[in-house]
Amino acid sequence: EKDKEEVEKREAELKSGGGKTASGENSAAADINERKVKDREYYDLMGVSTNATAGEIKKAYYKEARKCHPDKCQDDPEAAAKFQALGHAYQILSNEQSRASYDKNGKPETNSADANLANEIDPLVFFAVMFGSHLVEPYIGELWIATTADTLMKDAMEQQQSMDMENMTEEDAAKFLASKSASSEEMTLKQRKREVKCALNLREKIIPFMEAKDEDDIMAFKASIAKEASKIVSTSFGATFLVAIGFTLEVEAEEYIGVQTSALGVGAINARFRRARKSNANNWRIMGAGINAATTGRKAMKEVEAVQKQMEEKKAMTVGGEEEDGEDKAMDEEKAKMAAQKLEETIPALLELAWAINDRDISRTLKGACKKLFSDAEVPIETRIRRAEAIHLLGKDFYTIGKECGGEKYDVKDTKDIKARAEVAVMTTMAKAQGQEVTDDDTEDMIRRAKDMQQGRDDAGAAAANKQTASTDANMT
């Protein structure tokens with residue numbers, strides 16, 4: 001609890017910047033005089049001050065959206081356009097980075113799809129959908145790979161806003177951005193907060209065991225673990241998550257119990273050996289996955305370049321008006337299709353590297369969470385040992401169920417599933433950026449439908465190819 005209070009206090013200090021607003025003024029003075037911004041059209045659409053908080057902007061959006069919703073304003077032919085403009089304004093102002101950019105630079109000169117997509121992608125949401133980690137978030141928190149991507153994106157946008165790009169060469173600008181990553185204190189605080197939250201969630205989870213009065217209560221606790229594990233294992237990467245979480249919880253608890261209940265801590269030796277062996281294996285796995293990802297990526301890029309070169313040579317040999325234009329278009333489409341196919345082949349290697357990083361991240365986070373739980377000086381040693389026994393039981397059951405379902409042998413082969421998850425991850429993060437509510441069940445349902453649609457397209461394509469082959473064979477006969 002003290003850790004939680006310290007983290008929250010320090011986090012508030014970092015966010016407030018010592019009681020100053022973004023413009024350096026005291027908050028009281030900032031409320032009297034609105035901040036100067038380059039363009040205030042979006043603020044006027046929402047009917048809010050340029051000093052409005054995130055909560056005030058959200059409240060104003062829902063209020064204004066009710067006034068111009070097309071379903072409620074069927075007599076107003078401009079209602080749909082107004083509603084769309086309001087949604088876009090909310091999308092910009094509800095995101096810290098896009099709002100800061102808008103305040104400084106106004107509306108962008110171009111409204112390209114790529115620019116909008118970059119602004120709307122939230123790495124935290126994207127990776128949560130990609131790995132299906134929503135069910136295990138109480139145990140592991142937000143994955144390091146997601147928070148790091150989020151931080152790097154925020155840093156890059158802030159630096160672009162603060163530095164004078166016109167007076168820098170591209171090389172100098174790149175060096176400047178690379179040197180301005182998130183402060184080590186902020187990253188350390190994020191990880192500490194994550195471990196505290198995981199420790200509190202674990203403490204809450206084992207309450208039934210801590211309060212158990214007889215064997216029936218223990219069996220009920222075990223049944224609840226099995227039920228939860230069955231739900232987790234039904235999702236993508238679920239079995240793999242169970243193995244990673246279960247192994248670390250079991251080993252950390254086993255080590256603590258061994259130290260506290262055996263002479264000279266001899267009982268902890270086996271746990272330490274298992275942990276060291278797993279850590280070494282995962283380090284080698286990360287190295288191997290990194291090399292494989294780099295090699296696969298280079299190979300794919302070379303193949304794409306070769307295809308492009310062949311297409312360009314073929315195009316150069318083609319002559320003739322409209323027919324040439326039609327052939328050029330067909331070649332471009334074929335080139336894009338082949339390039340996409342080659343790049344898709346690199347996805348398993350990249351995802352394998354990402355998971356190897358996740359595995360180490362989960363182990364380190366849960367190790368820190370268990371340390372907080374087992375070294376809590378506010379409770380007697382007997383209670384801490386009892387906690388370790390509960391965590392050991394939880395970890396052992398998670399690991400066993402995950403292992404039985406193939407969680408130890410992580411292997412990415414189903415590229416269709418990966419593509420479906422990536423597509424839905426993008427759609428989900430864009431929807432949430434626009435203020436829409438998307439539940440975890442909605443996400444999994446969209447992934448299933450995306451896979452079914454892709455399978456349908458593949459089956460239709462295969463049927464058409466077989467029909468074409470049969471027709472060609474018949475003509476030749």
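In the predicted model, helix α15, which comprises the 24 residues 238–261, has its end C-alpha atoms 34 Å apart, and this agrees with the 34 Å that the helix should span at 1.5 Å a residue. Of the 24 residues of α15, 20 are buried, so the helix is largely enclosed by the rest of the structure. A similar check can be made for helix α5, where the 15 residues 79–93 reach 21 Å from the first C-alpha to the last, close to the 21 Å expected at 1.5 Å a residue. The buried residues of α5 include Ala79, together with Leu86, Gly87, Ala89, Tyr90, Gln91, Ile92 and Leu93.

The loop between α14 (215–233) and α15 contains Ser234, which counts as exposed because its relative accessibility is 60%, above the 50% cut-off. The side chain of Ser234 reaches the backbone oxygen of Lys231 at a distance of 2.6 Å. In addition, the C-alpha atom of Ser234 is separated by 9.6 Å from that of Cys405, although the two residues are 171 residues apart along the chain. Within helix α14 itself lies Phe221, which, at 1% relative accessibility, counts as buried. Between Phe221 and Pro208 the C-alpha to C-alpha distance is 6.3 Å, with 13 residues separating the two in sequence.

Aromatic side chains were examined next, and the count comes to 8 aromatic pairs. One of these is formed by Tyr43 and Tyr102, whose ring centres are 6.1 Å apart and whose planes make an angle of 35 degrees, a tilted arrangement. The pair links distant parts of the chain, since Tyr43 belongs to helix α3 (residues 41–46) and Tyr102 to helix α6 (residues 96–105), 59 residues apart. Tyr43, at 0% relative accessibility, counts as buried, and Tyr102, at 2%, likewise counts as buried. A further pair is made by Tyr139 and Phe398, for which the ring centres are 5.4 Å apart and the planes stand at 70 degrees, so the pair is edge-to-face. This pair also connects distant parts of the chain, with Tyr139 in helix α9 (residues 137–140) and Phe398 in helix α19 (residues 381–404), 259 residues apart. Both Tyr139 and Phe398 are buried. Beyond the individual pairs, Tyr42 joins Tyr43 and Tyr102 in one aromatic cluster.

The loop between α18 (347–374) and α19 holds Asp376, which counts as buried because its relative accessibility is 17%, under the 20% cut-off. The side chain of Asp376 makes a polar contact, at 3.3 Å, with the side chain of Arg387.

On the surface, Leu264, Val266 and Ile269 form a nonpolar patch, and together these residues present about 370 Å² of accessible area. Ile269 is located in helix α16 (residues 269–316) and, at 52% relative accessibility, counts as exposed.

Key. Residues are numbered from 1 along each chain as its sequence is written. This is a predicted model: local features need pLDDT of at least 70, side-chain atom pairs count only at pLDDT 80 or more; totals for chains, interfaces and linings use all residues. Side-chain values use heavy atoms; hydrogens and water are left out. Helices (H or I, at least four residues) and strands (E, at least two) are DSSP runs, numbered from the N terminus. The expected span of a helix is 1.5 Å times one less than its number of residues. Buried means under 20% relative accessible area, exposed over 50%, partly exposed in between (1.4 Å probe, protein chains only). A polar contact is a pair of N or O atoms within 3.5 Å; within protein, one must be able to donate a hydrogen and the other to accept it, and residues adjacent in sequence count only if both atoms are side-chain atoms. Rings of Phe, Tyr and Trp (its six-membered ring) pair if their centres lie within 6.5 Å; planes under 30 degrees apart count as stacked, over 60 as edge-to-face and the rest as tilted. Patches are made of residues with over 30% relative accessible area and no salt bridge: like charges are joined within 9 Å, nonpolar side chains (Val, Leu, Ile, Met, Phe, Trp, Tyr) within 5 Å. Accessible areas come from the Shrake-Rupley method with a 1.4 Å probe; for residues, only the protein chains shown count as cover. A salt bridge is a side-chain nitrogen of Lys or Arg within 4 Å of a carboxyl oxygen of Asp or Glu.
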